[in-house]
Amino acid sequence: MASYSENAKSRPDINIEDLPDDIGGLNYDDHVDDEEQIMEDIEKQLNEAMYNTTNYYAIFNLPRTCSAEEIKEAYKRLCRTFHPDKHTDPQKRQLAQERFQKIGTAYEVLSDPQKRLIYDAYGEKALTMPWTVGPLLKTPEQLRDEYERLARQKREEQIENLIQTKTALQMHVDGRALFLGPEYGTLAQRMANVNLARLAMKHSYQTQLTNNLQVTMNSTLIAQNGRGGGNLGPTFRHTVSPQLVLEYGCTLLNTFVGSFKAFYQPTSDSFVNVKSTAASLWKPPTTSIVMGRSIAKNMTGFMSYNTGDWRLGPWGSGMKLRSNSALSVGVASNTEEREFQTELQVGILDTHISGQYKRKMTSRTHLVVSGSVGNQSGIAADIGAEHRVIAKTKLGASVSLGLPAGIGLRFSISRLGQSLAIPVVVSPELRPLTLLAAVAVPASLWLLTNEFIISPWRTKRLNR
């Protein structure tokens with residue numbers, strides 16, 4: 001940023017060559033031996049008006065009701081006194097430079113009608129707000145509303161930055177009994193048979209150790225059919241360079257799992273990611289490699305290879321191979337209005353083709369559609385929506401259909417790194433009436449909730 005002396009040089013109304021030699025009532029040419037007195041006079045004059053103060057009007061010794069012309073004249077007068085280019089002695093020049101910066105800051109604010117209005121209403125701190133409305137503000141009332149909105153937004157961002165924790169909770173619900181016919185009992189009896197089949201939770205806390213090193217402590221917990229387990233372990237993320245980032249992680253409890261990741265970007269339009277996971281020191285690690293490159297505007301092509309479990313001579317012999325190798329290729333596109341991704345995987349046991357499409361329907365709502373066809377997963381389709389209730393808070397709902405998976409529902413809510421997902425098993429078969437009920441009931445509940453709870457609450461919050 002240019003100094004205020006440079007700004008003053010560029011001003012048409014301030015010409016350095018035209019500034020008089022009279023500084024603070026003393027002439028340097030006629031009083032060369034009085035430099036100490038000159039410095040004292042400058043200090044005295046400045047301290048009376050502006051030393052350690054942020055009152056811009058006091059700097060110019062003007063009332064708040066002063067006119068723009070009075071501010072301009074006071075600025076010129078102080079420039080003639082404190083402009084650094086009028087001083088040759090280093091000590092005096094540094095002193096004048098410090099004072100001149102305060103003069104320039106005050107004039108920059110008070111000479112701008114919009115900034116002066118903001119300063120008069122809320123003080124110096126309000127000038128650091130990102131005033132997006134700008135010249136549209138006309139009245140103090142409008143200014144107050146804009147200031148309060150920006151202050152709330154700034155508080156939320158500060159909270160989000162301080163809360164460096166993420167929690168993901170999944171509650172798998174077996175709701176098949178609820179959608180059975182009346183011959184299986186009353187609605188209350190069927191609701192009593194709805195149970196929590198599985199509970200999974202992942203929590204992480206992230207902190208910065210150095211400029212290039214970040215550590216995340218991860219913990220997981222899984223409970224299913226009356227039995228449960230969990231683990232805990234750190235992950236270190238090291239930024240080697242703008243093009244290369246490395247991650248190292250391991251678990252500390254129960255089963256050992258070590259992981260290594262590398263993210264490399266050789267050029268601005270290409271990348272290579274490597275992930276390696278070892279569940280035991282006696283078996284070679286499972287490794288996947290993903291390579292991608294921009295092939296068109298807003299479109300990226302990628303190819304990945306997963307080694308699966310493998311053996312190398314005696315290393316891994318006697319260990320059970322649980323996964324197999326696979327090769328996949330795909331294309332992904334991302335714009336402001338839509339996102340889509342399609343992938344074809346060919347593997348020894350698992351071959352499938354899948355795709356996902358996300359489109360912006362309104363400023364708050366996105367439609368999400370996905371599907372896959374494979375020799376192991378069968379045929380599956382999923383359609384749902386994501387809705388932003390307020391800033392940082394999203395609600396989601398989707399219905400899934402599959403052969404042989406059947407019908408399922410999924411509800412989710414997320415805010416500030418915390419998320420809750422509730423998958424619900426509705427039916428193991430594709431029954432038209434069950435499908436209708438699975439779609440109609442959640443949709444009706446969402447419309448009623450939005451109409452009578454969310455919308456009135458949002459309106460009340462905006463009014464407040």
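N61 is exposed in this predicted model, with a relative accessible area of 67%. The residue sits in the loop between α3 (56-60) and α4 (68-82). Its phi is near 55°, a positive value in a residue other than glycine. Most residues other than glycine have a negative phi, and most peptide bonds are trans.

N298 is another non-glycine residue with a positive phi, here near 60°. N298 belongs to the loop between β10 (286-296) and β11 (299-306). With a relative accessible area of 42%, N298 is partly exposed, because partly exposed covers the range between under 20% for buried and over 50% for exposed.

A further backbone feature is found at L403 and P404, which are joined by a cis peptide bond with omega of about 10°. P404 lies in the loop between β17 (393-403) and β18 (406-415).

**Overall figures**

The protein has 464 residues, and buried residues make up 29% of them. Its secondary structure comes to 9 helices and 19 strands. Among contacts with a separation of 6 or more, 38% are between residues 24 or more positions apart. The exposed surface is about 28,900 Å², and carbon and sulfur atoms supply 57% of that area.

The mean pLDDT is 80, and 82% of the residues reach 70 or more. Over residues 48-53 pLDDT stays under 50, and the model has 13 contacts beyond four places in sequence for this stretch. Residues 132-137 also have pLDDT under 50 throughout, with 11 contacts beyond four places in sequence.

**Nonpolar cores**

The largest nonpolar core holds 18 residues, of which Y56, F60, Y75, I103 and L110 touch the most other members. Helices α3, α4 and α5 (90-110) each supply at least two residues of this core. Apart from this core lies another, of 8 residues, among them V173, I407, L409 and V424.

What does F60 contact, leaving aside its neighbours within four places in sequence? The contacts of F60 are I71, A74, Y75, R77, L78, I103, A106, Y107 and L110. Y75, I103 and L110 are also named among the core residues that touch the most other members.

**Aromatic rings**

The structure holds 5 aromatic pairs. A pair of aromatic rings is described by the distance of the centres and the angle of the planes. Two of the pairs are set out here.

| Pair | Centre to centre | Angle between planes | Arrangement |
|---|---|---|---|
| Y75 and Y107 | 3.9 Å | 10° | stacked |
| W310 and W315 | 6.3 Å | 70° | edge-to-face |

Y75 lies in helix α4 and Y107 in helix α5, so the stacked pair ties together parts that are 32 residues apart in sequence. Are Y75 and Y107 buried or exposed? Both are buried. In the edge-to-face pair, W310 is partly exposed, with a relative accessible area of 31%. W315 is likewise partly exposed, at 36%. Why does the W310 and W315 pair count as edge-to-face? The planes of the two rings stand at 70°, and an angle over 60 degrees is counted as edge-to-face.

Y56, Y57 and Y119 form one aromatic cluster. Y56 is also a member of the largest nonpolar core, while Y119 belongs to helix α6.

**Helix α6**

Helix α6 covers residues 113-122, and R116, I118 and Y119 are buried in it. Seen down the helix axis, the buried residues fall within an arc of 160°, so they line one face of α6. Just after the helix, G123 takes a positive phi of about 85°.

**T216 in strand β5**

T216 is part of strand β5 (residues 213-224). Its relative accessibility is 13%, so T216 counts as buried, the cut-off being under 20%. Which residues does T216 contact, leaving aside its neighbours within four places in sequence? They are S204, Y205, Q206, G233, P234 and T235.

Technical notes. Residues numbered from 1 in each chain as written. Predicted model: local features only at pLDDT ≥ 70, side-chain atom pairs only at ≥ 80, totals over all residues. Heavy atoms only, no water. Buried < 20%, exposed > 50% of the residue type's maximum accessible area, 1.4 Å probe, protein only. Helix = DSSP H or I, 4+ residues; strand = E, 2+ residues; numbered from the N terminus. Arc of directions from axis to C-beta. Contact = heavy atoms within 4.5 Å. Areas by Shrake-Rupley, 256 points an atom, 1.4 Å probe, with all protein chains shown as cover. Core = buried A, V, L, I, M, F, W, Y, C linked by side-chain atoms within 4.5 Å. pLDDT = per-residue confidence, 0-100. Phe/Tyr/Trp six-rings, centres within 6.5 Å; stacked < 30°, edge-to-face > 60°.
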